[in-house]
Amino acid sequence: MSDSCSFPIAPDDDLMSINEETIIDISSDFPRLNNFQNNICDCYTSKSIDKIFNDSNHAITNTLNVIHVNIRGLETHFNDLVSFLSTFSFEFDVICLSEAHLYKNKSYLDSERFNIDNYTLYKMFSTVKYGGCAVYVHKTLQSNIVNSLSGSDHISDQLFVNINIPGCKKQVSIAAVYRHNLRKKEDVNTFINQLDSKLGSPIIKNKHVIITGDMNIDLTKIKHNSDVELYFNTLLCHNLESHINTPTRIQYNSKTKT
């Protein structure tokens, strides 16, 4: 998270309902975030992201471009994902998916039909019906799953993958995380404790770390909810910081940032 630039993506139709009154900017609650001049958090269409990546004034070299999608079912929306990725003129280095509906009892989902050309696919099957995570890593990059940090229980699904970037002395450890949308306070605390333990693991101690996913923790409530504050402080303790400071889920009567 400390070494990535995140772009929340919204369909063109959704952007029609977004205005200055809709967006809640909490950058003031993330004091170090203001030091990242290249971190531009806003709502983007695929066309606008494509322009940024291809603009000669925003040339990106020796970096990792990552996209996260809450896909709500890899089996259901796989073709939609492939179609969406085809709208870009470049290929992402890493594609992270949460809420992939990779249920352990559905063994047929462990087939090759979800492969994408030029990518290595890693999957974490969930103990919960609507859980599961997946990470696609471009085959130009060497990668491997970190089994000791990856897993699933009734609280969350977490998939860690280590990636070697040419010219980079340190490996990158990237995670796709999905916290099941449970309402019990103890479940939120357990999730934060699990994340804290894994981020403190010596396995990723000397690596760049990027966390993607759907935590189902609304950062807009950082000043009013102790769980949100604990989550935020846990990230800071591991020298990580959220690069999302505007809502990523906008509806007519609500907006959340997870």
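These legends go with a set of close-up views of one predicted model.

**Figure 1. The whole chain at a glance.**
Before zooming in, here is the overall make-up of this predicted structure. The protein's secondary structure adds up to five helices and 11 strands. Of its 258 residues, 47% are buried. Look at contacts with a sequence separation of 6 or more, and 71% of them come from residues 24 or more positions apart.

**Figure 2. A four-stranded open sheet with mixed pairing.**
Reading across the sheet, the strands come in the order 1-2-4-3. Which strands stand at the edges? Strand 1 (66-70) and strand 3 do, and each has a single partner strand, so one side of each is left without a neighbour in the sheet. On average, neighbouring strands here are turned by 15° against each other, direction ignored. As a reminder for the bench, strands of a sheet pair through backbone hydrogen bonds, and the pairing can be parallel or antiparallel.

**Figure 3. Strand 4 and its antiparallel partners, strand 2 and strand 3.**
Start with strand 2 (residues 94-98), which pairs with strand 4 over four bridges in the antiparallel sense. Along this pairing, V94 has V137 of strand 4 as its bridge partner, and C96 sits opposite V135 of strand 4. Now turn to strand 3, which also runs antiparallel to strand 4, this time over six bridges. Here M124 stands opposite C133 in strand 4. How many of the residues of strand 4 are buried? Six of its six residues are, so the strand counts as mostly covered. Both of its faces are covered: C133, V135 and V137 are buried on one side, and A134, Y136 and H138 are buried on the other.

**Figure 4. Aromatic pairs, from a phenylalanine cluster to a tyrosine pair in the sheet.**
The model contains eight aromatic pairs, counting rings whose centres lie within 6.5 Å. Take F88 and F92 to begin with: their ring centres are 5.0 Å apart and their planes stand at 80°, so this is an edge-to-face pair. F88 and F92 are both buried. The next pair to look at is Y119 with Y136, where the ring centres are 6.4 Å apart and the planes are at 90°, so this one is edge-to-face too. Y119 belongs to strand 3 (residues 119-124) and Y136 to strand 4 (residues 133-138), so the pair ties together parts that are 17 residues apart in sequence. Y119 and Y136 are both buried as well. Back among the phenylalanines, F88 and F92 join F53, F84 and F90 in one aromatic cluster.

**Figure 5. Helix 4 alongside helix 5.**
Two packed helices are described by the angle between their axes and the distance between the axes. For helix 4 (residues 185-199) and helix 5 (residues 226-237), the axes come within 10 Å and cross at roughly 5°. Angles under 35 degrees count as roughly parallel, so helix 4 is roughly parallel to helix 5. Which residues make the contact? On helix 4 they are K185, V188, N189, F191, I192, L195 and D196. Helix 5 brings in S226, D227, L230, Y231, T234 and L235. Sorted by class, the contact has seven nonpolar, three polar and three charged residues.

**Figure 6. Two loop residues with positive phi, E99 and N239.**
Most residues other than glycine have a negative phi, which makes a quick look at the exceptions worthwhile. E99 is not a glycine, yet its phi is positive, at about 50°. Where is E99 found? It is in the loop between strand 2 and strand 3. E99 is buried, with a relative accessible area of 14%. N239 is the other residue in this view, with a positive phi near 60° although it is something other than glycine. N239 lies in the loop between helix 5 and strand 10 (249-250).

**Figure 7. D214 beside Y178.**
D214 is part of strand 9 (residues 208-214). Is D214 buried or exposed? D214 is buried, with a relative accessible area of 10%. Between D214 and Y178 there are 5.0 Å in space, C-alpha to C-alpha, although the two are 36 residues apart in sequence.

Terms used
Residues are numbered from 1 along each chain as its sequence is written. This is a predicted model: local features need pLDDT of at least 70, side-chain atom pairs count only at pLDDT 80 or more; totals for chains, interfaces and linings use all residues. Side-chain values use heavy atoms; hydrogens and water are left out. Rings of Phe, Tyr and Trp (its six-membered ring) pair if their centres lie within 6.5 Å; planes under 30 degrees apart count as stacked, over 60 as edge-to-face and the rest as tilted. Buried means under 20% relative accessible area, exposed over 50%, partly exposed in between (1.4 Å probe, protein chains only). Helices (H or I, at least four residues) and strands (E, at least two) are DSSP runs, numbered from the N terminus. Two strands pair if DSSP finds at least two bridges between them. Axes are lines fitted to C-alpha atoms, for helices over the stretch in contact, and angles run from 0 to 180 degrees between N-to-C directions. Angles under 35 degrees count as roughly parallel, over 145 as roughly antiparallel, 65 to 115 as roughly perpendicular and the rest as oblique. Contact means heavy atoms within 4.5 Å. Ala, Val, Leu, Ile, Met, Phe, Trp, Tyr, Cys and Pro count as nonpolar, Asp, Glu, Lys and Arg as charged, and the others, Gly among them, as polar.
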